[in-house]
Amino acid sequence: MLSKHGQKLAQDMNLLPYPKEGFLCGRIGEFPVVIGELQDRRLVVRLWAKPGDTVPARELEEFLRMELPDLPKGFGSKKEEYGWAFLIPPMQYPKKLETIRSLFGALSRYFSENAMVPCCAHCGSTGPTGLYQCGEGAASFCENCAAECSQALQAAAAGRKSQPGNVLLGLVGAVIGAVPGVILWLLIYRLGYIAAVCGLLLAFGAVKGYSMLGKRLDVKGTVISVIVSVVMLVVALMLCYGWALYDVFGPEGFTFLDCILAVPTTLAVYPEILTTFVGEFIIGLLLTGVGSFASVKRLYQQANPSTVFRKLV
């Protein structure tokens, strides 16, 4: 998702925003450019160009060092096979806007001075190209490479759908994966706290465990993992309450297992304890949801990458 900075950048730079995909598209003259946002608030600027009939007098990196001596710390550039990628570090929006405008201006001068021509990101063809969304990202393709990319995406999607998943092993993996979160929950609870990091570890572990043993993380697998997370949250609270009972009745000869097994009876007999248990469960559920939503969503997207293919610019 595009941040507020990304959406404002689209307005100020006259770029086309794609909020859901998390990138901006536009052109520097005749050269298509894509600006993508990373999770740590860095930006990646990518474009595709190659020399025309003449060899550039100097490399682009050297040109930028001379033209833009005040580039912010953390700025980086990488020469790719048929283009460049530039890394813009996190900074306040006015400085970010100034940096990108300066970069675009310098790139425009370099391309003009060296008779650079736009090209395909895949094969380097200087024929007619367009900017296409290809799955999670976007790039400049000629017509042939665009068709190949579209076919590759569809083939990959068909392959994932045909891959059999094992729900039973996935369920076992979800339970095993949630165990570290349960343990951390128990330990932090003993200190008198309930931490969102416990819910994050619990839910993340359940989803990751399902995907590792189940071999396929689809919608069904994600739902099962979430249900396992809720059940394991109840288990964690049961262990916490059982430990509290053990503190009281352990010296009288009751084992830790006896105290855990006595928790349901205790909740049924003492309404005030049940109310506290339910309240802590609701708080834990909210913390787990808030703490783990982004991570679980990211795991699902990694297991089921986008197959969208369309022309952008």
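1. In this note a strand is a DSSP run of type E with at least two residues, and strands are numbered from the N terminus. Under that convention Phe31 belongs to strand E3, which covers residues 31–37. The coordinates discussed here are those of a predicted model.

2. Overall composition. The protein chain holds 10 helices and 10 strands. Of its 313 residues, 41% are buried. Contacts across the sequence are well represented: among contacts with a separation of 6 or more, 63% join residues 24 or more positions apart.

3. Overall dimensions. The C-alpha trace of the protein chain extends about 90 × 45 × 30 Å along its principal axes. The radius of gyration is 27 Å, whereas a compact globule of 313 residues would have a value near 20 Å.

4. Surface and charge. The accessible surface of the protein chain amounts to about 16,800 Å², and carbon and sulfur atoms contribute 62% of that area. The side chains include 28 positive and 24 negative ones, and the centres of these two sets are 3 Å apart.

5. Helix H2. Which residues of helix H2 are buried? In this helix, residues 60–67, they are Leu60, Glu61, Phe63 and Leu64. Viewed down the axis of H2, these buried residues fall within an arc of 160 degrees, and therefore they line one face of the helix. The face turned away from the buried side carries the exposed residues Arg65 and Met66. The buried residues of H2 pack against three elements, namely strand E5 (76–80), strand E6 (83–88) and helix H3 (93–113). The reader should note that a charged residue type, Glu61, is listed on the buried side.

6. Leu97 in helix H3. Helix H3, one of the packing partners of H2, contains Leu97. Leu97 has a relative accessible area of 10%, and because buried means under 20%, Leu97 is classed as buried. Apart from its neighbours within four places in sequence, Leu97 is in contact with Leu9, Asp12 and Met13. A long distance in space is seen with Arg160: the C-alpha atoms of Leu97 and Arg160 are separated by 40 Å, the two residues being 63 apart along the chain.

7. Phe31 in strand E3. Is Phe31 buried or exposed? Its relative accessible area is 5%, so Phe31 is buried. Leaving aside neighbours within four places in sequence, Phe31 is in contact with Gly26, Trp48, Ala49, Phe111, Met116, Val117 and Pro118. The C-alpha atoms of Phe31 and Tyr210 are separated by 44 Å, and these residues are 179 apart along the chain.

8. Gly26 in strand E2. Gly26 is placed in strand E2, residues 23–28, and counts as buried at 9% relative accessibility. With residues up to four places away in sequence not counted, Gly26 touches Leu15, Phe31, Pro32, Val33 and Leu131. The contact between Gly26 and Phe31 thus also appears in the contact list of Phe31. Gly26 and Met13 are 13 residues apart in sequence, with their C-alpha atoms 8.8 Å apart in space. Met13 is also among the residues in contact with Leu97.

9. Asn14, a backbone point to inspect. Although Asn14 is not a glycine, it has a positive phi of about 55 degrees. Where does Asn14 lie? Asn14 is in the loop between helix H1 (4–13) and strand E1 (16–18). At 71% relative accessibility Asn14 is counted as exposed, because the cut-off for that class is over 50%.

10. Ala115, a second positive phi. Ala115 is likewise a residue other than glycine with a positive phi, here near 50 degrees. Ala115 is located in the loop between H3 and strand E7 (116–118). Its relative accessible area is 39%, so Ala115 is partly exposed. Residues 116–118 form strand E7, and Met116, Val117 and Pro118 are among the contacts of Phe31.

11. Ser295 in helix H10. Ser295 lies in helix H10, residues 271–303. At a relative accessible area of 12%, Ser295 is buried. Its contacts, not counting residues up to four places away in sequence, are Leu200 and Phe204.

Note on methods: Residues are numbered from 1 along each chain as its sequence is written. This is a predicted model: local features need pLDDT of at least 70, side-chain atom pairs count only at pLDDT 80 or more; totals for chains, interfaces and linings use all residues. Side-chain values use heavy atoms; hydrogens and water are left out. Buried means under 20% relative accessible area, exposed over 50%, partly exposed in between (1.4 Å probe, protein chains only). Helices (H or I, at least four residues) and strands (E, at least two) are DSSP runs, numbered from the N terminus. The arc is that of the directions from the helix axis to the C-beta atoms. Contact means heavy atoms within 4.5 Å. The radius of gyration is taken over C-alpha atoms; the globule rule is 2.2 Å times the number of residues to the power 0.38. Accessible areas come from the Shrake-Rupley method with a 1.4 Å probe; for residues, only the protein chains shown count as cover. The place of a charge is taken as NZ of Lys, CZ of Arg, CG of Asp or CD of Glu.
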